[in-house]
Amino acid sequence: MLDFHLILSSLPLYASGLLVTFELLLIALALGLLLAVPLALMRVSRSPLVNFPAWLYTYVIRGTPMLVQLFLLYYGLAQFDVIRDSFMWPYFSSATFCACLAFAINTSAYTSEILAGSLKATPPGEIEAARAMGMSRAQLYRRILLPSAMRRALPQYSNEVIMMLHTTSLASLVTLIDLTGAARTISSQYYMPFEAFITAGLFYLVLTVGLVRLFKYAELRWLAHLTPRKH
Amino acid sequence: MLQGYGPIIVEGAWLTLTLALCSMALAILLGLTGAALRLSPLRWLANLGDAYATLIRGIPDLVLILLIFYGGQDLVNRIAPSLGYTAYIDINPFVAGVFTMGFIFGAYLSETFRGAFMAIAKGQAEAGAAYGMSGAQVFLRILVPQMIRFAIPGFTNNWLVLTKATALISVVGLQDMMFKAKNAADATREPFTFYLAVAGLYLLLTSVSLLLLRAVEKRYSAGVRTAEI
């Protein structure tokens, strides 16, 4: 009853979709992390003037669906002549650019909250020791707080990366042919939705399991100091 | 500002809320079943529960929605003729949406509930048994009320993700607020206005949910000692 012959012959399309998914994921994560570090530093600030804008940003982004954010950027901005006439238009009219930007903004909000939580959970002794060594504030952040917080954020960050992998599937709704887009193309071409989507699902499942493994390995490497004693 | 589309979008918002609530009800049922399976001493039952949680959580919501909605419809119509049913079966998007979201978030909730059950001190269930309660009584009177307190933070998170994920059901034609906003955006050529309005409504929904669930958490934490640092 199920026919996987056509799926086998469409594997090249899935493969090119896989590349697009990877590209979106890597760009979104890299940009997102870049944005998340300053945001997290703002979120741990005691000054409300610094803290509030970052809080508002993460609250709004985390309180609205990714789909709405993506549509606002890709379809929404075209409404304004100012943007259509500006030098930015070639970028904002590109689905790849908008998808990467929307995903990066989204993940930056979640990642900054993870990082801020991790920063706040720094053992007081680490900070006191750094001060006792005479480190400046910048040195304290660069040498002690950030490296230590980023390591401790790894388990939660691995969840965020997997969520992000799944989020990239929304790119198929703004004309991109990622893994999900490939499945949608094949589904409508041969009218075999079941086979087409189950194949895409399997690809994502393998990628998810791979990412979980990768992060387990990363935790072994960078969180070795926090693992319980074996004997 | 919304050019008369306001009431239509609010109508869609109502459908979004109904969809989210119905899906959550189903998800809680499936989540409890999943958690019970995963905590079962019987190996094959535990494996079944694990497989459900791992499979669903490893695949994007959108792919599952497309798979269940289009794939499910296709499969039903391929099987039906062999059972002597020849008319084309059209699945209602709302029913499909509830089943899809319920099925997906049941997997996430099974993880939340499993962790919450495991956080209850073992002595609690033992004390119940010592009082002569049956297994079902221990479960309903002792474990579930305490599990709720441990599960609320995870549950809040699951609920927020679910409400936001309902936007994806508009892709398969359910006329929720996202769908209505898209229609209004196409008709008026003002997409930003309408998507922003819908974003505001989602934010309202998540904010109210947060406040309500915080109150519930307070209610279920009555009598729990906390220490200020």
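**View 1. Helix α7 (residues 177-188) of chain B in the predicted model.** At 1.5 Å a residue, the twelve residues of this helix should span 16 Å, and the end C-alpha atoms are indeed 16 Å apart, so expectation and model agree. Its buried residues are B:M177, B:M178, B:F179, B:K180, B:A181, B:K182, B:A184 and B:A185. These buried residues pack against α1 (6-38) and α8 (191-220) of chain B and also against α4 of chain A. Just after α7(B), a positive phi of about 60° is found at B:R189.

**View 2. Surroundings of B:V198 in the largest nonpolar core.** This core has 98 residues, and A:V68, B:A181 and B:V198 are those with the most contacts inside it. Helix α4 (residues 93-118) of chain B provides the largest share of the core, eleven residues. Leaving aside residues up to four places away in sequence, B:V198 touches A:V68, B:I9, B:M177, B:M178 and B:A181.

**View 3. Another nonpolar core, apart from the largest.** This core has 16 residues, including A:A36, A:V44, A:I114 and A:L119.

**View 4. The side of chain A that touches chain B.** Contacts between the chains involve 30 residues of chain A and 31 residues of chain B. On the chain A side, at least two residues each come from α3 (48-63), α4 (66-76), α11 (179-190) and α12 (193-222). The largest share, ten residues, belongs to α12(A). By class, this side of chain A comprises 20 nonpolar and ten polar residues, with no charged residues.

Definitions and conventions. Residues are numbered from 1 along each chain as its sequence is written. Chains are lettered from A and ligands numbered from 1 in the order in which they are written. This is a predicted model: local features need pLDDT of at least 70, side-chain atom pairs count only at pLDDT 80 or more; totals for chains, interfaces and linings use all residues. Two residues are in contact if their C-beta atoms, placed from the backbone, lie within 7 Å. Helices (H or I, at least four residues) and strands (E, at least two) are DSSP runs, numbered from the N terminus. Ala, Val, Leu, Ile, Met, Phe, Trp, Tyr, Cys and Pro count as nonpolar, Asp, Glu, Lys and Arg as charged, and the others, Gly among them, as polar. The expected span of a helix is 1.5 Å times one less than its number of residues. A residue is buried if 20 or more other C-beta atoms lie within 10 Å of its own, exposed if 12 or fewer, and partly exposed in between; C-beta atoms are placed from the backbone. A nonpolar core is a set of buried Ala, Val, Leu, Ile, Met, Phe, Trp, Tyr and Cys residues joined through C-beta atoms within 7 Å.
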